[in-house]
Amino acid sequence: MNGIAERLAATRLRLRLAERQAGRAQGSAGLIAVGKTWGPDALAQAYAQGQRDFGENYLQEALAKQDELKDLDIVWHFIGPIQSNKTKPLAERFQWVHSVDRLKIAQRLSEQRPADLPPLNVCLQVNVSGEASKSGVAPAELGALARSVAALPRLKLRGLMAIPAPAEDFAAQRMAFRGLREALEGLGLDGLDTLSMGMSDDLEAAVWEGATWVRVGTAIFGQRARSA
Ligand SMILES: *Cc1c(COP(=O)(O)O)cnc(C)c1O
């Protein structure tokens with residue numbers, strides 16, 4: 001198990017097995033390959049194995065890869081922190097933004113989404129781990145933010161995303177993901193069908209709790225050389 005093709009196949013197997021154990025339909029949990037720090041060649045290798053959804057954290061790095069891979073039929077997901085003066089390329093060049101955590105960002109994305117493209121799919125990132133994480137809306141403020149974002153014309157609010165603090169064991173992993181699922185259910189808004197949760201180390205727990213996207217980097221591409 002050392003090539004991207006082998007690791008991707010192993011990751012898909014984990015996902016299918018988790019779906020089956022959780023009593024979920026095959027393919028109901030989608031796989032986003034997180035390519036941060038990896039060059040376009042690595043992404044192209046995963047693409048050659050049928051991978052179509054790719055996630056990126058850093059805008060400049062993502063735009064360079066999009067330019068290199070512009071002939072491929074890739075669905076681009078932005079999953080990193082968003083600076084409010086850098087929303088335009090996000091609105092123009094991504095199909096999904098998972099990391100919206102304040103209204104100002106959402107308003108800018110809606111204003112800047114080109115008229116000839118469908119509404120931008122967005123998730124609200126929720127800070128489920130309290131002080132352990134700086135990103136994400138506080139659970140207490142989620143409802144108000146969700147109602148405001150759902151009303152923006154050029155966005156399609158799809159659901160919630162979270163990056164829980166690393167947990168000791170399966171039960172603790174599940175508890176954090178269950179919190180996000182319950183937050184989604186508690187919103188009581190129509191059309192929310194997305195839970196973006198689970199990474200290399202905890203995707204099984206996330207699938208168990210209803211993840212519809214898992215975002216996996218290390219298990220597909222290998223250990224990152226620089227921390228990210
Ligand atoms: C890096 C990253 C991932 C993937 O993490 P791995 O542990 O490498 O699978 C998923 N989501 C976000 C937001 C990330 O920054």
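Q: Why is tryptophan 76 called buried in this predicted model?
A: Its relative accessible area is 7%. Buried means under 20%, so tryptophan 76 fits the label.

Q: What makes phenylalanine 54 buried?
A: Same kind of check: phenylalanine 54 has a relative accessible area of 0%. That is under 20%, so phenylalanine 54 counts as buried.

Q: How many aromatic pairs does the structure hold?
A: There are 4 of them.

Q: Why is the pair of phenylalanine 54 and tryptophan 76 called tilted?
A: First, the ring centres are 6.3 Å apart, and rings pair if their centres lie within 6.5 Å, so this is a pair. Next, look at the planes, which sit at 45 degrees. Under 30 would be stacked and over 60 would be edge-to-face, so 45 degrees makes the pair tilted.

Q: What makes this a link between parts of the chain that are 22 residues apart in sequence?
A: Phenylalanine 54 belongs to strand β2 (residues 53-56), while tryptophan 76 belongs to strand β3 (residues 75-78), so their pairing ties those parts together.

Q: Why is the pair of phenylalanine 78 and phenylalanine 94 called edge-to-face?
A: Their centres are 5.5 Å apart, with 80 degrees between the planes. The centres are within 6.5 Å and the angle is over 60, so the pair is edge-to-face.

Q: Which parts of the structure does the pair of phenylalanine 78 and phenylalanine 94 tie together?
A: Phenylalanine 78 is in strand β3, and phenylalanine 94 is in the loop between α4 (87-93) and β4 (96-100), so the pair joins parts 16 residues apart in sequence.

Q: Are phenylalanine 78 and phenylalanine 94 buried or exposed?
A: Phenylalanine 78 is at 2% relative accessibility, and phenylalanine 94 has a relative accessible area of 2%. Buried means under 20%, so phenylalanine 78 and phenylalanine 94 are buried.

Q: How do you know that serine 200 makes a polar contact with the ligand?
A: A polar side-chain atom of serine 200 is 2.5 Å from a ligand oxygen atom. The cut-off is within 3.5 Å, and 2.5 Å meets it. Asparagine 57 also has a polar side-chain atom by a ligand oxygen, at 2.6 Å.

Q: How much of the ligand's accessible area does the protein cover?
A: The protein covers 90% of the 390 Å² that the ligand has on its own.

Q: What shows that strands β1 and β8 pair?
A: Pairing takes at least two bridges, and β1 (residues 30-34) and β8 are joined by 4. The two strands run parallel, and isoleucine 32 has arginine 215 in β8 as its bridge partner.

How values were computed:
Residues numbered from 1 in each chain as written. Predicted model: local features only at pLDDT ≥ 70, side-chain atom pairs only at ≥ 80, totals over all residues. Heavy atoms only, no water. Polar contact = N/O pair within 3.5 Å; in protein donor to acceptor, adjacent residues only side chain to side chain. Areas by Shrake-Rupley, 256 points an atom, 1.4 Å probe, with all protein chains shown as cover. Phe/Tyr/Trp six-rings, centres within 6.5 Å; stacked < 30°, edge-to-face > 60°. Buried < 20%, exposed > 50% of the residue type's maximum accessible area, 1.4 Å probe, protein only.
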